[in-house]
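This report walks through one protein model. It starts with one surface residue and ends with the chain as a whole.

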Amino acid sequence: REQHLVLAILLYSATTAWYRLVQIVKSDDGFTILSFSPVILAGTAPIIIMAVITWLRRRTLAAIDSEMEDDRDRYDALFHQVVQSENNVLQELYSLVAAKASTLQAEKARHFHRRKTTAGEANPAFSSEFVVQGDPSFCGLPFERTTTCIPMTRDFKNPIKSLDQLYTQGKFAWMIMREFLKQVALDHRGKFKSRFGGEPVLWSEVACKDDADSLIAWPPLKSMGRAVEKCIRIYGDDVSRVTDVVRMSILFDTVADLLACLKAIGRNNEVEILRIKNKFDTGYNDPLKSGFRVLHLNLCFHSRKAALLGVENHVCELQMGLVEFAKVSSEVGHRRYVRNRNMLGI
């Protein structure tokens, strides 16, 4: 969009300058001569301004890229070590991700409303499966039994258009995703970033503590400002494509642990994987060229609790990474990454 805007302004400015630059004046001898108009600056000023802006932008991008080079070198060195020590596991990961990605439809990785009942169609919402019956393990909102929307369905012709609705759903989806990740981490030696910095926390070692949750730096919902940025810059004002309002990460010591966890998620009937991006793949084209390696999943939770809360169609983002990469990542490096992302308009 920025490039198109620059080209449009340049074209307009050049046209204006051409018409105002030249005045055709006939002399007494009958010859045609050219004279410069005093209003030439009206056309050339925008050209000069846009040229300066373009030059400054390219210069800034080059400076940021130079600053990020050290981060890339560290990440690349780490990844080289991973390839040497776990190459066979990485190859299995590549194959698994490729096989799974081939079965997914990218256009479905969006937020959709539930499908509504048609005339004479019975609504499963009235069945005992979706009615709270004194379940002590769940204290969520009771299901709206008067609704005409069918749980566990999507209306692919009716995407969500309200950012407020995404954030309302996100508050409940965040709780469901956190509980899911706790169990996954318990089963597969997963770790989370510590609230107090330092080494990531092995969840199986602290899960039994009363204050276990307070030890983890659970990420909040994506800021509304950044969601609006993505919606405008990348998704053409399509709110339904903002699929990381709820995003969390889990870390592993080895690729083997990560792969085992990914397989377990794929076997879980209450989780639907909608999209997968493997940044561990050497052929992955990262537009930001950050060098950071992680596995991105977009998924929905089709559990009874999610359906009762009306968030079984809310798309969340899960990042599965390695502890060593998380250690190298720094706050300063992240700020450079954000600057680069903003300059590229991503």
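Is aspartate 76 buried, partly exposed or exposed? Aspartate 76 counts as partly exposed, because its relative accessibility is 38%. Here buried means under 20% relative accessible area, exposed means over 50%, and partly exposed lies in between (1.4 Å probe, protein chains only).

The model is predicted: local features need pLDDT of at least 70, side-chain atom pairs count only at pLDDT 80 or more, and totals for chains, interfaces and linings use all residues. Residues are numbered from 1 along each chain as its sequence is written, and side-chain values use heavy atoms, with hydrogens and water left out.

**The charged patch**

Aspartate 76 sits in helix H2, residues 41-101. Helices (H or I, at least four residues) and strands (E, at least two) are DSSP runs, numbered from the N terminus. On the surface, Asp76 joins Glu69, Asp70 and Asp73 in a patch of negative charge. Patch members have over 30% relative accessible area and no salt bridge, and like charges are joined within 9 Å. A salt bridge is a side-chain nitrogen of Lys or Arg within 4 Å of a carboxyl oxygen of Asp or Glu. Asp and Glu count as negative. The place of a charge is CG for Asp and CD for Glu.

**A buried strand residue**

Leucine 318 belongs to strand S8, residues 316-322. Leucine 318 counts as buried because its relative accessibility is 1%. Its C-alpha atom is 5.1 Å from that of leucine 297, although the two are 21 residues apart along the chain. Leaving aside residues up to four places away in sequence, leucine 318 touches ten residues' worth of neighbours listed here in part: among them are Met177, Leu181, Ile250, Ile265 and Leu297. Contact means heavy atoms within 4.5 Å.

**Positive phi in two loops**

Most residues other than glycine have a negative phi. Two residues here have a positive value:

| Residue | Phi | Loop |
|---|---|---|
| Methionine 152 | near 65° | between H2 and helix H3 (163-187) |
| Aspartate 237 | near 65° | between helix H5 (224-233) and strand S5 (247-252) |

Methionine 152 is partly exposed, with a relative accessible area of 33%.

**The whole chain**

The protein has nine helices and eight strands. Of its 346 residues, 39% count as buried. Among contacts with a separation of 6 or more, 72% come from residues 24 or more positions apart. The accessible surface comes to about 19,600 Å², and 56% of that surface belongs to carbon and sulfur atoms. Accessible areas come from the Shrake-Rupley method with a 1.4 Å probe; for residues, only the protein chains shown count as cover.

Terms used:
Patch = residues over 30% accessible without salt bridge, like charges linked within 9 Å, V, L, I, M, F, W, Y side chains within 5 Å.
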